[in-house]
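This briefing introduces one protein chain to a reader who has not seen it before. The notes are grouped by topic and can be read beside the structure.

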Amino acid sequence: MAEASGVNVASGCEEKGPGELSQESARPGTTISRVKLFDTMVDTFLQKLVAAGSYQRFTDCYKHFYQLQPEMTQRIYDKFVTQLQTSIQEEISEIKAEGNLEAVLNALDAIVDESKDCKEPAWRPSGIPQKDLRSAMVPYFLQQRDALQRRVQKQEAENQQLADAVLAGRRQVEELQRQGQARQQAWQALHREQKELMAVLREPE
């Protein structure tokens, strides 16, 4: 933005109106970013504001003081204009920072640049609210449905893996139980054979 001290009302500086700005932005082959356009509009607003509160109008409001102290009146006016411009610029800077305005405007520029390569016609309302709402919401709901279906399929696959793991664990437990029973039976048979052997050895000759 232009500095406050750079604006001199008495010098009759040239101002650019909204029409001239629009003509510059509409020149073939030129693209003005929205951030720069916004800053230019703010500068133009400040110039017009200062022009509306010209030094002549200021002295008309304080005629007696101007007649007594013309140089002091000029210094007061210059300081007033400088502080006014600075205050407005600070307020606008705070608004831009709070609303993240530069990022938003740059994002809009990026969207416009991307749409230049799009061959399909842009969406336009048909004038029938129900039809427009359906055309806007149906793709969204279809997208959500597909996302839910993919999530359900993924969950079903995970559940199937868990079920297979549980089944494999049960089979392993059953196999261990069978092995344990077989070992127990073998031990019992060996124990019986040992008893029979001991009984035979204890029989008198």
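Arg145 is partly exposed, because its relative accessibility of 44% falls between the limits of 20% for buried and 50% for exposed. The model in which this residue sits is a predicted one. Arg145 takes part in a salt bridge with Asp146, and the points below place that pair among the other features of the chain.

**Overall make-up**
- The chain has 7 helices and 0 strands.
- Along the sequence, the pattern reads α-α-α-α-α-α-α.
- The chain has 205 residues, and 13% of them count as buried.
- About 17,100 Å² of the chain is exposed, and carbon and sulfur atoms supply 56% of that area.
- Among contacts with a separation of 6 or more, 64% are between residues 24 or more positions apart.

**Salt bridges**
- The chain has 5 salt bridges by the rule applied here, including the three described in this section.
- In the pair of Asp146 and Arg145, the closest N and O atoms are 3.7 Å apart.
- Asp146 is partly exposed, with 31% relative accessibility.
- Asp39 forms a salt bridge with Lys96, and their closest N and O atoms are 3.2 Å apart.
- Asp39 belongs to helix H2 (residues 34–52) and Lys96 to helix H5, so this pair ties together parts that are 57 residues apart in sequence.
- Lys96 also forms a salt bridge with Glu102, where the closest N and O atoms are 3.4 Å apart.
- A network of salt bridges therefore links Asp39, Lys96 and Glu102, as Lys96 lies within 4 Å of a carboxyl oxygen of each partner.

**Burial within the network**
- Are Asp39 and Lys96 buried or exposed? Both Asp39 and Lys96 are buried.
- Lys96 has a relative accessible area of 11%, so it falls under the 20% limit for a buried residue.
- Glu102 is partly exposed, because its relative accessible area of 39% lies between 20% and 50%.

**Charged surface patch**
- Which residues gather in a patch of negative charge on the surface? They are Glu90, Glu91, Glu94 and Glu98.
- Glu90 is part of helix H5, which covers residues 70–98.
- The relative accessible area of Glu90 is 48%, so this residue is partly exposed; it passes the requirement of over 30% for a patch member.

**Nonpolar surface patch**
- Tyr62, Phe65, Met72 and Ile76 make up a nonpolar patch on the surface.
- Together these four residues have about 360 Å² of accessible area.
- Phe65 is located in helix H4 (residues 63–68).
- With 37% relative accessibility, Phe65 counts as partly exposed, and patch membership requires over 30%.

**A positive phi in a loop**
- Where is Asn100 found? Asn100 is in the loop between H5 and helix H6 (101–116).
- The phi of Asn100 is near 50 degrees, which is a positive value in a residue other than glycine.
- Most residues other than glycine have a negative phi.
- Asn100 is partly exposed, with a relative accessible area of 46%.

Key
Residues are numbered from 1 along each chain as its sequence is written. This is a predicted model: local features need pLDDT of at least 70, side-chain atom pairs count only at pLDDT 80 or more; totals for chains, interfaces and linings use all residues. Side-chain values use heavy atoms; hydrogens and water are left out. Patches are made of residues with over 30% relative accessible area and no salt bridge: like charges are joined within 9 Å, nonpolar side chains (Val, Leu, Ile, Met, Phe, Trp, Tyr) within 5 Å. Accessible areas come from the Shrake-Rupley method with a 1.4 Å probe; for residues, only the protein chains shown count as cover. A salt bridge is a side-chain nitrogen of Lys or Arg within 4 Å of a carboxyl oxygen of Asp or Glu. Lys and Arg count as positive and Asp and Glu as negative; His and the chain ends are not counted. The place of a charge is taken as NZ of Lys, CZ of Arg, CG of Asp or CD of Glu. Helices (H or I, at least four residues) and strands (E, at least two) are DSSP runs, numbered from the N terminus. Buried means under 20% relative accessible area, exposed over 50%, partly exposed in between (1.4 Å probe, protein chains only). Contact means heavy atoms within 4.5 Å.
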